[in-house]
Every structure is written in structure tokens, then in C-alpha cells.
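Me: I am new to this structure and would like a close look at a single part of it. Could you walk me through the nonpolar core and what surrounds it?

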Amino acid sequence: MGALLWYIPAPLLLLLVGVLVRRGAYRTFPFFFTYVAFGAAADVTRFLTQGHHSLYFWIYWLTDAGYALLGALAMYELLRKVLRGFSHIWWTHLIFPAVVTVGLSIWRMHVVPPQLQGPLRLWIVTGEIAVRIVQVFIFAGLVTFIGFFGFRWRQYPLGIAAGFGVYSTVALLTTIKFSDFGTRFRFLWDATSVVAYSFAVLIWIGFFFVPEKEEPPPNPETLAFALGTLNQYLDRLRRMR
Amino acid sequence: MLSSILIWLLLAWSALGLMYFLYRACARVPRHDPKNLVHYLHPVDWDLLESLLDPAADFELRWRLSPREFREEQRCRMRLFRELLRRMSHNSAVLAEFDNALFGKDDFTPGPGSKVEEAAIKVRLYCTAARIKLRVWLSLPDTLRAVPMPDLARLRMAADLDGPKVYEELKAAAVEAFADLQPAELDALTRNL
């Protein structure tokens, strides 16, 4: 039961890869597409190697590091998409590094679980949790930003952020509780993580299932008339000054 | 201890955000008739805006008035500018909402949806930053004479954005987006922005 539970998201991820390919998301969101494709491949590889303990150990930790790295890159990508109109404003380029610094700082302040042996695993777990904090931060920040500035809600970056937000919120919550309760909490931790991740993948599927809208080009005649009217007003204003 | 508190605050913020997100994602986009757009807009007096942000006006007032009179006059001008900012911010929100309602429908976009939306966000960002500055300036007690009264022209730029320029961009984007309106309606739209 426990082993099977881990592989529930794999078919969902494969479905998501199909949906993303159909929507051409590898062009618009290359890092997110890589993250999803990597996730599907990692799940399948873990499933195939679970009988070989030594191999499984390395594949598990290496794919975990890959998840963290690609997750961070996907967040960077979606933040750049949302802020693409503000790229000329210098301080918008500092948002992502600032969020990453805050995420790392918060987690470094936290107690590191002593059960982890070896610096590599410690770094992977620390990095992974820092990325979770970054994902929660960016999701919560985006919702606040979009709500405040009246952005369109139905846009892919927000869907991507929502999926990461749901999973990372639950993952952080269970990690904190896990460090409080210890190994007694193991099964519940596994189950909630898998359910949250599956829910996140369902959110992504739901968002990317709806086709992207291309803005129709305005009628050239009416556009010329409208711009003429605007220019008349601007001329009058200039003359009045 | 501090990190635990911060993580819990972050989680609570995210949970609230998630609930709000689900509510907004499921809610229907409000339907609007483009003919009604003009009635929602608050006219912005462009001449007044330019005169308030004119460095020469600040200089002339400083030269002509006593320090006490200048402080009073400058506070009045700040309140006036705050009202213009409120209108600009309101108009940008209205235009973004109408643009979303008329052209957004239920489709998804790979980022901020349209020129109007992008320009509206710049205007709102500018207005928010400028209003925060104004709030700070206006909250300084009048008796605090040691702090020099700032020039209003400095508020042309806020959050690294040129206010009048981004509002012009919003106007142009709105004219382009609502180009299918009747000539009289388009005329009214241009006048009311």
C-alpha cells in the first residue's frame, strides 16, 4: 500500500506532459515543462529501481535534488512572465533573489533534523525545504499582488504557482509536524504529501487543459480612427499648455 | 523559535491566498457593456496634473510665498494631487476590468493578458507608490518646520515609473482596445480619461 501510494502522481504527470505538449507549453514555460517531464521520468525510474537498494538510494537523492533545482527555476520563470511588463524597472530583478535569500535564511534558522547523515543529503534536504518556502512565498505574494492590482486570474503562471503553492504549503506543514512527532508520523506524512502533490498536478492539468487565448488584432480602420481622435486631443492639450 | 513563527505566518498567508484564489478562479468574470464604460470613469484634469508636477511651479511658489504660506499651499497641492492619483488608479482598475470582461472571457493567458492590463498595472503601481509618499509627507505635523517641504515635481517618478507617461500609455492602450466603440462613445472615453 505504502509503496503503491508513492506512484499515484506518475500517471497524472504523464497526462500533464501530454497536455503541456498539446498546448506547446515547452515554448512558453520551458523550465516548468522540464520540471514536469523530469518528475514523470523520475517517478518511473524510482518505480523500476525500487528492488535495487543501492541504486534506488542514489536515484532517489539525485532526483530529489533535481526536483528542488527545477522547482526553483520554474518559479523564477513564472515570476519573469508575470513581471514581463516591468523588466525595465531595476528593482523587479531583485525580487526573486530576495525571496530565495529569505527562504534560505528562514530554513537555516530552523533546527536541522539530526537523523540526516552525510553533508550531501543534508544539503539536498535543506535546499528542498528552502525551495518549498520560496514556492509558498511566491504563490502567496502573487495572489496578493494579482488581487491588489486587478490582474486577470485565469492565466497560466498563476495556475503553476497555485499548484506549487498547494503542494509546498502541505509539504512544509507536514515537515514541521514530522520534526515534532518523529517517525510515528511517517505514514501520514507520506500520504498527505502524495495527496497534495496529486492535487497540485490536477490543478496544473485543469489550468493547461483550457486553451490559451490569442488577443484578436483590432480592425485597422477603427484603430486608425481611434488613434486619430487621441492624437487630436493630445495636440489640443499641447497647444493649451 | 523565530523561524517557526515565520514559517507558520507564511503558511497561514498561503492558506488564505489559496482560499481566495479558489474563490476567484471559480467565480465568473463580471459581464459589462462597453457602452457603460464612460460612466464608470472619473475625469482626470490633465492640465492640472501637469501644472502640479511642473518643477517651475514649485520654484515659483517658493520664490513668491513666505515659508509658512508655501507650506500651506504645498499641502493643498498635495491633497489635489492625491485626488488625481485616486482617479487615475480608479480609471486604470475600471479599464482593466472592462478589458477583462469584454476580451478575457473564460480563456487563459500565458501572462498578463493585454496591453490595457499591463498599462493599468503600471498606473496602479505608480499611484500606490506616489500615494504612500504623499501620505508620509502629509502626515508630518505642520509644526515640524525643521523638515523642508518637498517639491511635488519629485512625484513625477515613483516606483521607477513616470506617472504621466504610463497614464498616456494606458490611454493609448484603451483607445486601441475599445476601438470598436461608436465615434461618440470613443470621444467620450478619451475625454473622460
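Reply: Happy to help; here is a walk from the whole chain to the core and then to one helix beside it.

This is a predicted model, in which local features need pLDDT of at least 70, side-chain atom pairs count only at pLDDT 80 or more, and totals for chains, interfaces and linings use all residues. Residues are numbered from 1 along each chain as its sequence is written, while chains are lettered from A and ligands numbered from 1 in the order in which they are written.

Let's start with chain A. It holds 10 helices and zero strands (helices are DSSP runs of H or I with at least four residues, strands are runs of E with at least two, and both are numbered from the N terminus). Of its 241 residues, 34% count as buried, that is, they have 20 or more other C-beta atoms, placed from the backbone, within 10 Å of their own. The average pLDDT, the predictor's confidence in each residue from 0 to 100, is 80 for chain A, and 76% of the residues score at least 70. Among the elements of chain A, helix α4 (residues 30-49) has the highest mean, 91, and helix α10 (residues 220-240) the lowest, 64. Where pLDDT is low, the predicted coordinates should not be read in detail.

Now to the core itself. A nonpolar core is a set of buried Ala, Val, Leu, Ile, Met, Phe, Trp, Tyr and Cys residues joined through C-beta atoms within 7 Å. The largest one has 57 residues, and A:I133, A:V134, A:F139, A:I160, A:A161 and A:A200 touch the most other members. Elements giving two or more residues to this core include α4, α7 (119-149) and α8 (156-181) of chain A, and also α1 (2-26) of chain B. The most comes from α7(A), with 14 residues.

Take A:I133 as an example. Leaving aside neighbours within four places in sequence, A:I133 is in contact (C-beta atoms, placed from the backbone, within 7 Å) with A:G103, A:I106, A:W107, A:L172 and B:L10. A second, separate core of 37 residues includes B:L53, B:F98, B:L125 and B:L186.

Finally, look at α4(A). Its buried residues are A:F32, A:F33, A:Y35, A:V36, A:G39, A:A40, A:A42 and A:D43. An α-helix has 3.6 residues a turn, so residues three or four places apart point the same way. The end C-alpha atoms of α4(A) are 28 Å apart, which agrees with the 28 Å that its 20 residues should span at 1.5 Å a residue (the expected span is 1.5 Å times one less than the number of residues).

Definitions and conventions. Buried ≥ 20, exposed ≤ 12 C-beta atoms within 10 Å, placed from the backbone. Contact = placed C-beta atoms within 7 Å.
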